[in-house]
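Here is a short briefing to read alongside the structure on your screen. It begins with confidence, then moves through the fold, one helix, the core and one loop residue.

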Amino acid sequence: MNQQKEFTLTRIVQKRNRNLNGIGVGNMKTARYTIKEFNEQFPNDDTCLEFVFHARYNDKVYCEICQKITNHYRRTGRKSYACEFCGNEIFPTAGTIFHKSPTPLRSWFYAMFLMSQTRCGISAKQLERELGVTYKTAWRMFKQIRSLMDEKSGKMNGRIEFEAILLVERGYLPR
Ligand SMILES: [Zn+2]
């Protein structure tokens, strides 16, 4: 990773951490990222979707219909948020590896957590066991997450790396 990229990443992570402090995600200063912290941060699919929503839009969603920034509310039972005025729906996972996947968002996050914490090799077989999915699903997830990780240097530590994958996902960093 070159210096420019590293600087950009650091800045984005810092910016996002400031944004997320307001929604109770907690202190992001520590470099280590334990399974306990992961479980507390992402107890279910909803918290994962909320993470993607806040990280991607920074609470400033431009509504195409209203042609201005409006408040968006989570739609019950759907993986979307709707404009408070016109009801136009947006899908925070659009364009990411999670989108349209039948695998729950939290399983994706957990897979990313496991893969980012164990650089020297958690296998697709281990993912299958940990996530309780079929080997075929585990292998596909493994490959997709791996393709994102390969773009980066091996220097980043656990938490940063986990977040970096998400940053790539939402297009702040080039693939
Ligand atoms: Zn609107």
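The protein chain averages a pLDDT of 74 (pLDDT is the predictor's confidence in each residue, from 0 to 100), and 63% of the residues score at least 70. This is a predicted model, in which local features need pLDDT of at least 70 and side-chain atom pairs count only at pLDDT 80 or more, while totals for chains, interfaces and linings use all residues. Residues are numbered from 1 along each chain as its sequence is written.

**Confidence along the chain**
- Among the elements, helix H1 (residues 3-21) has the lowest mean pLDDT, 45, and strand S4 (residues 81-83) has the highest, 96; helices (H or I, at least four residues) and strands (E, at least two) are DSSP runs, numbered from the N terminus.
- Over residues 1-30 the pLDDT is below 50, and this stretch has 20 contacts in the model beyond near neighbours in sequence; two residues are in contact if their C-beta atoms, placed from the backbone, lie within 7 Å.
- The pLDDT is also below 50 over residues 152-158, where the model has 12 contacts beyond near neighbours in sequence.

**Overall fold**
- The protein chain holds seven helices and five strands, and from the N terminus on they run α-α-α-β-β-β-β-β-α-α-α-α.
- Of the 175 residues in the protein chain, 25% are buried; a residue is buried if 20 or more other C-beta atoms lie within 10 Å of its own, exposed if 12 or fewer, and partly exposed in between, with C-beta atoms placed from the backbone.

**Helix H3**
- The 13 residues of H3 (residues 45-57) should span 18 Å at 1.5 Å a residue, and the end C-alpha atoms are 18 Å apart, which agrees; the expected span is 1.5 Å times one less than the number of residues.
- Buried residues in H3 include Phe51, Phe53 and Arg56.
- Just after H3, Asn58 takes a positive phi of about 55 degrees.

**The largest nonpolar core**
- This core has 20 residues, and Trp108, Ala111, Met112 and Met141 have the most contacts inside it; a nonpolar core is a set of buried Ala, Val, Leu, Ile, Met, Phe, Trp, Tyr and Cys residues joined through C-beta atoms within 7 Å.
- H3, helix H4 (105-117) and helix H6 (135-149) each supply at least two residues, and H4 gives the most, with seven.

**Phe98**
- Phe98 lies in the loop between strand S5 (89-90) and H4, and it is buried because 23 other C-beta atoms are within 10 Å.
- Leaving aside neighbours within four places in sequence, Phe98 is in contact with Thr93, Leu105 and Trp108.
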